[in-house]
Amino acid sequence: MRIIRLTLILFLITYVSQAQKVNKLIKENEVKRIISTLAADDMLGRNSMQPQQIEKATAFIADEFRKIGLQPLKGANGFRQEFPITKIDGFLSAEVMINGQVIPKDKYLLMSDNEEINWTSNIPVVIVGAGDTFTPNQYMSDSTSKIIVVDAAHESKLAGLKRFMGRARLLSKPYPKIAGNILFVSGISSVDNYSVKIKQRKEAFMMTNVVGVLPGKSKPDEMVVFSGHYDHLGIQKAVEGDSIANGADDDASGTTAVIALANYFKKLKNNERTIVFAAFTAEEIGGFGSKYFSQQLDADQVVAMFNIEMIGKASKWGMNSAFITGFERSDFGTILQKNLKGTAFTFNPDPYPQQNLFYRSDNATLARLGVPAHTISTDQIDSDKLYHSVNDEVESLDIQNIVATIRAIALSSQTIVAGKDTPTRIDKSTVK
């Protein structure tokens, strides 16, 4: 009994000491400084497709990593992890005629990596009726070029795809190209003859992740990743005179957490495993940044990924709580819960499975490689009226909620960073 009591006392002393360090090293005024800078109007909404709108944020994060004293990723010259992207940026010319009639541009969508399409015959036509199941992705793995005629009943799905592709059509090795050339057309019911003549504009440019490293002491080849995406939507249609989508919660809050945690672990100087801190670009347009990042690492050496997204408002359970996407896929969340016993903070399974959040953030890429990669969030996504709007500003956030969540992540990750706990791997075959 005496041994048990002594062990408990030692545990409590260690825990209290750790909690005091967390509170001392992760300060509210510093968190507010970082997020206020990232989400300021002069950051222009951090659109990854517009270098002039994201470069200032890139430079700011890199400078924060430098001041903290992180090291570049092995083999890199600095904190900027650059990779080439080719953007298809609209049509130089386009004429689509079916059954002798010109099809308006708002009634078709071309999915192709080719600069030029010239079809007049021998292209298969698929008719999708009102009662048929229609998912655009189901046609994208087949290498056969085709024309897909979609009934008006499915136009909302086609419109959603068009909005996404309107934001970006990027070609890059980290991102799977469309296998064939697909022309989706709505507003017609049959195809007797056709003529499709389209020329697309291509533009090459660079995108940039920001990555810093804190080498591990006894287990340097085992890595723990803390990440968030720093891009957002840039300049949007003005609402009451405001056109800047500041992205304070999405995801300046997560990026702020990454920077604050880098500072925290650097000052602790006791991480046995190597910690990688990553601010990803291009999450909003398909996760290109995290896809490229994943190719620069040996996924088998990545022990866990703490991806942090939208922690600026209290969760559905109130303050001192957050949820973990894909909770059931590994024991990552269970370890975090164990490390927070005795605190006011709780981690919970994702309460919004219908939102498919596990696949909607940068954790998904590494999860597909078997890494216990999960996203931590507090956002009430089913009712968040500021999501992807120009009103997602610092003034709308609860800074104390952000601070509490960052401190909880710091505490809950301690046994993983120390090499004492290793989350179970995700079954790659279950990740689409």
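Let us start with Asp251, which lies in helix 5. In this predicted model, Asp251 is joined to Asp250 by a cis peptide bond, with omega at about -5°. Helix 5 comprises residues 248-268, and I shall stay with this helix for the first part of the talk.

Please turn now to helix 2, residues 28-38. Which residues of helix 2 are buried? They are Val31, Ile34, Ile35 and Leu38. Viewed down the axis of helix 2, these buried residues fall within an arc of 90°, so they line one face of the helix. What covers them includes helix 3 (51-68), helix 5 and helix 9 (399-412).

Of these, I shall describe the packing against helix 5. The axes of helix 2 and helix 5 are 9 Å apart, and the two helices pack at an angle of about 135°. Helix 2 and helix 5 are therefore oblique to each other. The crossing in which helix 2 passes helix 5 is right-handed. On the helix 2 side, the contact involves Val31, Ile34, Ile35 and Leu38; these meet Ala248, Ala252, Ser253, Thr255, Thr256 and Ile259 in helix 5. By character, the residues of this contact divide into 7 nonpolar and 3 polar, with no charged residue.

Helix 5 also has a contact with helix 9. How do helix 5 and helix 9 cross, and at roughly what angle? Their axes come within 10 Å and cross at roughly 50°. Helix 5 and helix 9 are therefore oblique to each other, and helix 5 passes helix 9 in a right-handed crossing. Helix 5 contributes Ser253, Ala257, Ala260, Leu261, Tyr264 and Phe265 to the contact, while helix 9 contributes Ile402, Ile406, Ile409 and Ala410. Here the residues divide into 9 nonpolar and 1 polar, and again none is charged. I would draw your attention to Ser253, which takes part in the contact with helix 2 and in the contact with helix 9.

I move on to helix 7, residues 332-339. Its buried residues are Phe332, Gly333, Ile335, Leu336 and Asn339. They cover an arc of only 160° around the axis, which puts them on the same side of helix 7. Their packing partners are both strands and helices: strand 14 (302-308), strand 15 (321-324), strand 16 (346-349), strand 17 (373-377), helix 9 and helix 10 (414-417). Helix 9 thus appears here as well as among the elements covering helix 2.

Next, a single residue. Ser294 belongs to helix 6, residues 288-295. Is Ser294 buried or exposed? Its relative accessibility is 7%, so Ser294 counts as buried. Setting aside neighbours within four places in sequence, Ser294 is in contact with Thr365, Leu366 and Leu369. Thr365 is 71 residues away from Ser294 along the chain, and the C-alpha atoms of the two are separated by 7.0 Å.

Finally, two residues in loops. Asn356 lies in the loop between strand 16 and helix 8 (363-367). Its phi is near 60°, a positive value in a residue other than glycine. With 34% relative accessibility, Asn356 counts as partly exposed. His388 is placed in the loop between strand 17 and helix 9. The phi of His388 is near 55°, also positive in a residue other than glycine. At 26% relative accessibility, His388 counts as partly exposed.

Technical notes
Residues are numbered from 1 along each chain as its sequence is written. This is a predicted model: local features need pLDDT of at least 70, side-chain atom pairs count only at pLDDT 80 or more; totals for chains, interfaces and linings use all residues. Side-chain values use heavy atoms; hydrogens and water are left out. Buried means under 20% relative accessible area, exposed over 50%, partly exposed in between (1.4 Å probe, protein chains only). Helices (H or I, at least four residues) and strands (E, at least two) are DSSP runs, numbered from the N terminus. The arc is that of the directions from the helix axis to the C-beta atoms. Contact means heavy atoms within 4.5 Å. Axes are lines fitted to C-alpha atoms, for helices over the stretch in contact, and angles run from 0 to 180 degrees between N-to-C directions. Angles under 35 degrees count as roughly parallel, over 145 as roughly antiparallel, 65 to 115 as roughly perpendicular and the rest as oblique. A crossing is left-handed if the near helix is turned anticlockwise from the far one by less than a right angle, and right-handed if clockwise. Ala, Val, Leu, Ile, Met, Phe, Trp, Tyr, Cys and Pro count as nonpolar, Asp, Glu, Lys and Arg as charged, and the others, Gly among them, as polar.
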